[in-house]
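Student: Could you walk me through this model and show me how each label is earned?
Tutor: Gladly; let us set values against definitions.

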Amino acid sequence: MHKSGVVAVVGCPNVGKSTLVNAFLGQKIAIVSSKPQTTREAQRGILTSENAQIIFVDTPGIHRPHHALDRTMLATARAVVQDADLVLWIVDISRKPGTAERRVAQFIQQTNESCKVFMAMNKSDILKPEDVISHSNMYRTLCSKAIWMLVSAKRGDNIEIVKNEIVDLLPDGPRYYENDQITDSTVRELAGELLRESALHYLRQEIPHGIAVIIEEFIENEGEKIEIIATLVVENSRHKGVVIGKNGSMIKLIGIRARREIEKMLESSVDLQTFVKVNTDWRNDNNQLKHMGY
Ligand SMILES: Nc1nc2c(ncn2[C@@H]2O[C@H](COP(=O)(O)OP(=O)(O)OP(=O)(O)O)[C@@H](O)[C@H]2O)c(=O)[nH]1
Ligand SMILES: [Mg+2]
């Protein structure tokens, strides 16, 4: 029998959802950073084996919305949970659950009441031994029906076991994607995300949240470098100054790291040119959001 289905990967910001999706796939499709609210859109990661196809959908972390962008992120997570065959709820087991986690429990319950839930208690590599029992008990009371397991996306602990359990929980179904397709994102979109990841890596405080990337040109010439022209959008001119840096030093750093990552993904040399532009308060401007693909 062949199994398949959609697994909604949900949880609070920064708990390791994207890291876990990459770990399941054994390949990087989703960007990761130490700053919350890294993921902004639903992204599919497709894992095909002989007897099953799991369609993981990475989602933005669930948090109280402050901007129009936050509201679209929350709506995205809701739509994914609504259509899921299984909810994979990721929590950070190294910390106690708080209000934010209770809100996620409510969100899942209200959005898809009858859905099966698997709770992956992530970051077990940094869980103190004396907290194992108390923390896991606290998380379990948030969703009594959930099957649960401790994992570490970073170290790869229990990833295979969880994968097999997920397959058991999925319905019988066909293969929706070709065997070798691992995501539905285009290389152009992935390149933009890798540039944003690099910006998140180097920038601090509130600036990362106000960054967006637009890929203006993506030109593949036979036998030559792939040419990419990108715009980093920031919220105000002070941010623009920080992103460019003294004598352009910051934008250079961001560009070098991004180019390396994009080259790794494309397995080809890349020429990346990045410009910085201010779009005042773009996170609250629905037209701008649409233009940026959110
Ligand atoms: N120690 C440890 N750190 C982890 C683990 N998984 C993820 N992280 C770290 O946690 C941070 C957040 O990881 P992400 O995968 O971006 O988290 P996310 O849940 O997708 O975050 P958002 O997209 O912002 O909602 C990064 O610094 C990761 O390296 C883990 O198993 N152990
Ligand atoms: Mg993420």
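Tutor: What follows is a short conversation about the ligands and the aromatic pairs.

Tutor: Keep in mind that this is a predicted model, where local features need pLDDT of at least 70, side-chain atom pairs count only at pLDDT 80 or more, and totals for chains, interfaces and linings use all residues. Residues are numbered from 1 along each chain as its sequence is written, chains are lettered from A and ligands numbered from 1 in the order in which they are written, and side-chain values use heavy atoms, with hydrogens and water left out.

Student: What makes Ser18 a polar contact of ligand 1?
Tutor: A polar contact is a pair of N or O atoms within 3.5 Å. An N or O atom in the Ser18 side chain is 3.0 Å from an oxygen atom of ligand 1, so the pair meets that limit. A polar backbone atom of Gln37 is 2.7 Å from a ligand 1 oxygen, and a polar side-chain atom of Asn122 lies 3.1 Å from one.

Student: How much of ligand 1 does the protein cover?
Tutor: On its own, ligand 1 has 660 Å² of accessible area (Shrake-Rupley method, 1.4 Å probe), and the protein covers 92% of that.

Student: Why are Ser18 and Thr39 said to coordinate the magnesium ion?
Tutor: Donors are N, O and S atoms within 2.8 Å of the metal (3.2 Å for Na, K and Ca), and sites may look incomplete because water is not among the atoms. Ser18 (OG) and Thr39 (OG1) coordinate the magnesium ion (ligand 2) at 2.0 to 2.2 Å, so they fall within the cut-off. Ser18 lies in helix α1 and Thr39 in the loop between α1 and β2 (43-48), so the pair ties together parts 21 residues apart in sequence. Both Ser18 and Thr39 are buried, a word meaning under 20% relative accessible area (exposed is over 50%, partly exposed in between; 1.4 Å probe, protein chains only).

Student: Why is the pair of Phe24 and Phe56 called stacked?
Tutor: Rings of Phe, Tyr and Trp (its six-membered ring) pair if their centres lie within 6.5 Å; planes under 30 degrees apart count as stacked, over 60 as edge-to-face and the rest as tilted. The Phe24 and Phe56 centres are 4.6 Å apart with planes at 10°, so the pair is stacked. Phe24 belongs to helix α1 and Phe56 to strand β3 (residues 52-58), 32 residues apart.

Student: How do you know that Trp282 and Tyr294 are stacked too?
Tutor: Their rings are 6.3 Å centre to centre with 20° between the planes, so they meet both limits. Trp282 and Tyr294 are both buried.

Terms used
Polar contact = N/O pair within 3.5 Å; in protein donor to acceptor, adjacent residues only side chain to side chain. Helix = DSSP H or I, 4+ residues; strand = E, 2+ residues; numbered from the N terminus.
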